[in-house]
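Here's a quick tour of one protein model, put together for someone who likes to check the atoms. Have the structure open while you read.

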Amino acid sequence: MLFVGNDWAEDHHDVEVVDEAGQRLARRRLSEGVEGMAGFHALVAEHLPEDGEVTDVVIGIETDRGPWVTALVAAGYQVYAINPMQVARYRERHSTSGAKSDRGDAHVLAELVRLDRAHHRQIAGDSDLVEAMTVLVRGHQNLVWTRQRHTNQLRSMLHQYYPAALDAFDDLAGRDALAVLTIAPTPERGQALTVDQISQLLREAGRKRYLKATASKIHTALQTDHLHALPAVAQAFGASTRALVSIISELVKQISMLASEVEQNFGRHPDAKIYLSQPGLGVILGARALAEFGDDPHRYVSGKARRNYAGTSPVTRASGSKTIVLARYARNRRLGDALFQQAFAALTASPGARRYYDAMRARRIGHNDALRRLANRLVGILHGCLRTRTTYDEATAWPTPQQDQQEVA
């Protein structure tokens, strides 16, 4: 067998090939792209025995995404995506000086898959549909996070010169706030608006219900007296607010467009029905969970393996007479975010989930920890549904309150 360490960078790859005894056979720097991949194949072929197969080549690399990794998997190599934190710890076995280089990391990766690959997971063979969905849901989530950052920035800015706007709008990224702040980005402009003008702005933004009542509420809030900034300063803040509102408005538009793409792709997947049957999972959260879990049926050998990957199962640290249980630090944070939101939504969607959560809280377990434990339980239920190819059933998932209490204990 051949073992290859592949340390990747933006424009090149440092590669080291070793044999089963750990003897270095080759070391090369390859360019990114088609030419570099052709060089990689030639390098492997040069050292692979005549009766060897591509499946006898084991590759360690610090990512599981991108066209380079896709090409390696498609070629038939055994590819292991190693967490950079694990590589850093393994590097300390070879050097205590703290030295680091791309060539050195390629050697570390080659040694890691040669000696310890049994303790790592080979890259799963997800379908093309899930690969495409992963790109979409991550792009959608990135835009949502970007919108939230800009909304927080807008809130901070308004607090400094326009507190009446904060009283008028609960959601600064909502259509009502964006419509009014586009026309009235300063307190002076806001106080000049009439109820009819505000109603017209809300109507143009798409509001159809409670139009007059909402406009009156906003008008009253904007008329409230607050401490004012100097006129020149208020105008400067107003220009900045108008620019920020334009950015948030465009983000809202693009998020909606990407959400439609996510919905279309998710609806075509055969597992979509099972995911949508789970309590607390809608189209967007279901698509995120599916994309991050993947659809390789052999990736998770058990529900525990799926929970470990999700990061919902705890980590136990025991030393002598001291034992502590902690939440996992190293985990897929995108997946963890989706599962946490699912657990929160499941409190109203599933009576069994609510009983489980209430039992946790009765034991003086904090809100976040109780949701994490509920998410852990829900991941196990999802794994069972996927394994048996059945949709969620409340009676099967949460048989009786008495059994729930026994499991909690």
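What follows goes through the nonpolar cores, one helix pair and two loop residues.

This is a predicted model, so keep that in mind throughout. Its largest nonpolar core has 44 residues, and another core, of 31 residues, lies apart from it. Phe293 is a handy place to start, being among the residues with the most contacts inside the largest core.

**The nonpolar cores**
- Inside the largest core, the residues with the most contacts are Tyr275, Phe293, Leu374 and Trp398.
- Quite a few helices chip in: α5, α11, α12, α13, α14, α15, α16 and α17 each supply at least two residues of this core.
- The largest share comes from α17, with 10 residues.
- Skipping neighbours up to four places away in sequence, Phe293 touches Tyr275, Arg299, Tyr300, Arg306, Tyr309, Ala310, Leu335, Leu339, Val379 and Leu382.
- The separate core of 31 residues includes Leu172, Ala173, Ile198 and Leu202.
- As background, nonpolar side chains tend to be buried together in soluble globular proteins.

**How α11 meets α13**
- The axes of α11 (231–267) and α13 (283–293) are 10 Å apart, and the two helices pack at an angle of about 65 degrees.
- The crossing of α11 past α13 is left-handed.
- On the α11 side you'll find Ala259, Val262, Glu263 and Phe266, which meet Val283, Ile284, Gly286, Ala287 and Leu290 of α13.
- By type, the residues of this contact split into seven nonpolar, one polar and one charged.

**Arg299, in a loop**
- Arg299 sits in the loop between α13 and α14 (303–310).
- Is Arg299 buried or exposed? Arg299 counts as buried because its relative accessibility is 16%, and the cut-off for buried is under 20%.
- The Arg299 side chain reaches the backbone oxygen of Phe293 at 3.2 Å, which ties this loop residue back to a residue of the largest core.
- Beyond four places in sequence, Arg299 is in contact with Arg121, Ala124, Asp126, Glu292, Phe293, Gly294 and Tyr309.

**Ile123, in another loop**
- Ile123 is in the loop between α4 (102–116) and α5 (128–161).
- Which residues does Ile123 contact, leaving aside neighbours within four places in sequence? They are Thr63, Asp64, Val69, Val73, Val79, Tyr80 and Ala81.
- His150 is 27 residues from Ile123 in sequence, and their C-alpha atoms are 36 Å apart in space.

Conventions:
Residues numbered from 1 in each chain as written. Predicted model: local features only at pLDDT ≥ 70, side-chain atom pairs only at ≥ 80, totals over all residues. Heavy atoms only, no water. Helix = DSSP H or I, 4+ residues; strand = E, 2+ residues; numbered from the N terminus. Buried < 20%, exposed > 50% of the residue type's maximum accessible area, 1.4 Å probe, protein only. Polar contact = N/O pair within 3.5 Å; in protein donor to acceptor, adjacent residues only side chain to side chain. Contact = heavy atoms within 4.5 Å. Core = buried A, V, L, I, M, F, W, Y, C linked by side-chain atoms within 4.5 Å. Axes fitted to C-alpha atoms, helices over the stretch in contact; angles between N-to-C directions. Left-handed = near helix turned anticlockwise from the far one by under 90°. Nonpolar A, V, L, I, M, F, W, Y, C, P; charged D, E, K, R; others polar.
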